[in-house]
Each structure stands twice: as C-alpha cells, then as structure tokens.
Amino acid sequence: MQEGYWTAGIDIGVEVTQVSYMTEGMTDPVTLDTLFETGKDISFIKDCILAIPGLEDPALLGGIDIILPEFTLEAAEKVKQACIKMGIVEEKIHLQGVEEASIYFALSQERSLWNNDVIFFDFSKEGLIYRSLHIEKQSNGSIVTKLISESVEGIEFNEPSDEVFLQLARARMDRRLISAVYLIGEGFYKEEWAKESLKYLCSRRRVFMGLNLYTRGAAFAAYDRIHSRAYDHVLFLCKNRLFVSVGLSIVYQGEEKVLYLAKVGTNWYEVRACIEAIPDEISEITLVLQSLKGEQSEEKVSLENFPKRERRMTRLEIQLSFLSEEYGVLTIKDLGFGRLMKPSEAIMKKNIWIRKRT
C-alpha cells in the first residue's frame with residue numbers, strides 16, 4: 001500500500017493501550033480487538049501500530065494521534081521521539097489528552113448529538129471523572145468548544161452505588177439542555193448497578209456506553225488532518241490547550257498591531273514559534289496576552305543588556321515555546337546585522353504564566 005493510506009489513533013492507558021485506525025473512504029474508525037499492555041518501554045507502540053491490518057511499516061502512516069495518560073513535556077517528548085525512531089515524519093505525529101480526544105469524538109458524531117451540551121462520565125479504578133462539553137456555533141461558521149473536567153468524590157469503584165451516582169448526575173445535569181451522555185470505562189460494565197441512574201440519564205437524552213471513545217476520537221482527528229480539515233474551524237478550550245493568545249506589539253505601516261506567536265486554543269506542546277525581527281530601537285519589546293473575550297494585558301520585556309546600536313541595525317531571533325498549558329518561555333537572541341554588526345552573546349529569557357489571566 002502507498003504512504004498515507006492509514007491514519008491511527010492510539011490511547012495509551014495506565015494499564016492497557018487501545019488502537020483505532022482509518023483508511024481512505026472510511027467514515028468511521030475501526031478499533032482493534034486486541035488490548036495492548038502499556039509497557040514502561042515506550043517501544044511497545046510499534047507493536048500497536050503494526051497490528052493495523054495491511055500496515056507493514058510505521059513510516060507509511062499518513063498521520064497518528066496519540067493520547068497520553070499524563071500530558072507532560074517529558075512524556076510527550078519520549079513518545080514523539082519513539083515514533084520518529086520508527087520512521088514516522090515528525091509533522092505527522094500529534095499528541096493530546098483525553099479531553100481533546102473527547103471533543104474530537106463528540107464532533108465526529110451526527111449533529112443532533114451535539115446541538116446542546118455533551119456529558120461524559122469516565123468511571124475506572126482511578127475514580128469517576130465528569131466532563132461537560134459546551135459548544136457554540138459562530139456566525140462565521142467556526143465552532144468554539146469548551147470542556148471542563150471534574151474528579152468526582154463519593155462513589156467507589158468496587159461497590160458503586162446507584163443512588164449516589166444518581167445524586168451526582170442530578171446535581172450536574174438538572175435543568176440543562178443536554179444532547180448526549182457518554183458512559184466510559186469498565187466501572188459501567190462491572191454489572192447492571194446503575195438502573196435508576198440510567199432511567200434519569202435517558203430522559204430526553206441519548207445515552208451511549210463504550211470503552212473505545214478516546215481512541216476513536218484520536219483516529220478521527222488524524223484522518224481529518226489529511227482529508228477534510230473540518231477541525232481547523234474548531235476552537236478547543238480545554239486542558240492542554242492555551243486559554244489566551246500570546247503576541248508581540250508591533251507597528252506596521254504606521255499602525256499598531258499584534259503579531260501572534262501562539263493563538264488561544266492551540267495545543268501547548270505544538271507551539272514552536274520562531275521569528276526574526278528588526279526593531280526600531282533596542283530598549284524593550286511589548287508582550288501581549290489576550291483572552292478569547294478580548295481582555296488584554298501587556299508585559300514589557302527589557303533589552304537593556306543587548307548591545308546599543310543605531311536604529312534598525314539589530315536583528316533579533318524571538319522564540320516562544322511552552323512547558324505546560326500554563327507556563328511558557330520567550331527567548332530573545334541577538335543575531336547582529338549581517339556583516340556590519342556581528343552577533344553578540346546577549347540573550348533574554350522571559351517566563352510567561354498565562355492561566356491566571358483567563
């Protein structure tokens with residue numbers, strides 16, 4: 001088969017890993033029956049990929065979305081490098097959390113299932129997680145999605161109580177317009193314990209139960225990047241996504257503007273902004289933080305340690321990357337100015353905390 005024929009979604013769980021895949025012409029992912037033991041040696045991912053029917057080389061994947069149980073810089077780098085070592089091109093590798101996969105899955109379903117809010121209950125040995133997805137359709141055709149997560153106390157995995165779960169559900173769902181409810185995790189498959197709860201959940205709502213929702217969401221995302229780009233019009237506001245845009249204040253053709261280095265809704269790990277600029281004067285630059293609602297704050301970044309030169313005789317390299325959804329680093333280097341001005345060793349690093357400003 002040719003390169004790009006397959007796309008895959010992999011959900012690396014705490015104990016087991018699931019795989020779903022799609023090929024050209026498919027409208028729904030296929031989830032492999034095999035559950036792979038999650039190994040400490042990340043190389044087990046190769047076995048997961050090669051289990052996809054007809055795929056003989058991971059390098060032939062057109063795209064892969066991998067869900068991490070804990071989305072940290074260390075974990076993300078470890079998984080990405082393992083995929084690159086298999087021959088998968090870096091641009092085809094995307095990493096996400098279960099929150100993002102939940103949104104991808106919800107929006108891949110028929111519109112009637114997300115016209116109103118969507119609820120997820122994830123019940124596993126680690127506990128019960130409640131997620132609520134609110135979707136707003138904009139006049140320009142774009143979609144804004146906001147998903148909040150909550151760890152719910154008071155219900156035991158080994159002895160789940162129908163009465164307790166019903167109370168928990170009512171407290172979060174009464175008097176709300178909800179299109180669909182998804183019950184995820186082995187806690188809902190142990191036995192038929194949630195009888196009264198299900199009656200309540202099914203009242204004027206559609207309810208689904210499954211174990212492979214996340215991996216299917218990731219598979220939809222990987223397939224969409226190649227074929228339809230529908231998610232390009234979706235703004236994600238959830239864990240692992242930036243809640244503000246980060247930019248530089250500039251003057252262009254006599255008018256003040258903001259040059260964005262990272263936009264709200266972007267996966268923090270995928271922010272790799274790098275630009276070169278020739279400032280009018282070497283004194284400071286202004287960093288702009290802007291929320292989705294337009295609320296804006298500014299921070300001045302001093303360049304007093306940079307060489308003093310004539311106006312427009314310095315070239316700067318400005319980089320922005322993030323270590324988490326809340327914490328980023330702006331790095332500014334002096335590149336000199338061609339043969340006229342040699343670069344110095346001047347460098348400035350500015351820590352950026354953004355969550356507090358949402």
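**Exercise 1. Find how S15 joins strand S18 (residues 316-322), and place the pair in its sheet.**

Step 1. S15 and S18 run antiparallel and are joined by six bridges. Strands are DSSP E runs of at least two residues, numbered from the N terminus. Two strands pair if DSSP finds at least two bridges between them.

Step 2. Cys274 lies opposite Gln319 in S18.

Step 3. The order S15-S18-S19-S20 makes an open sheet of four strands, paired antiparallel. Strand S15 (272-277) and strand S20 (347-353) are its edges, each pairing on one side only.

The model is predicted: local features need pLDDT of at least 70, side-chain atom pairs count only at pLDDT 80 or more, and totals for chains, interfaces and linings use all residues. Residues are numbered from 1 along each chain as its sequence is written, and side-chain values use heavy atoms, with hydrogens and water left out.

**Exercise 2. Determine which residues of H2 are buried and what covers them.**

Step 1. Helix H2 (residues 73-85) is a DSSP run of H or I, at least four residues.

Step 2. Ala76, Val79, Lys80, Ala82 and Cys83 are buried, meaning under 20% relative accessible area with a 1.4 Å probe, protein chains only. They sit on the same side of H2, because their arc around the axis is only 160°, taken from the directions from the helix axis to the C-beta atoms.

Step 3. Glu74 and Lys85, on the other side, are exposed, that is, over 50%.

Step 4. The cover includes strand S1 (6-12), helix H1 (44-50) and S15.

Note on methods:
Expected span 1.5 Å × (residues − 1). Contact = heavy atoms within 4.5 Å.
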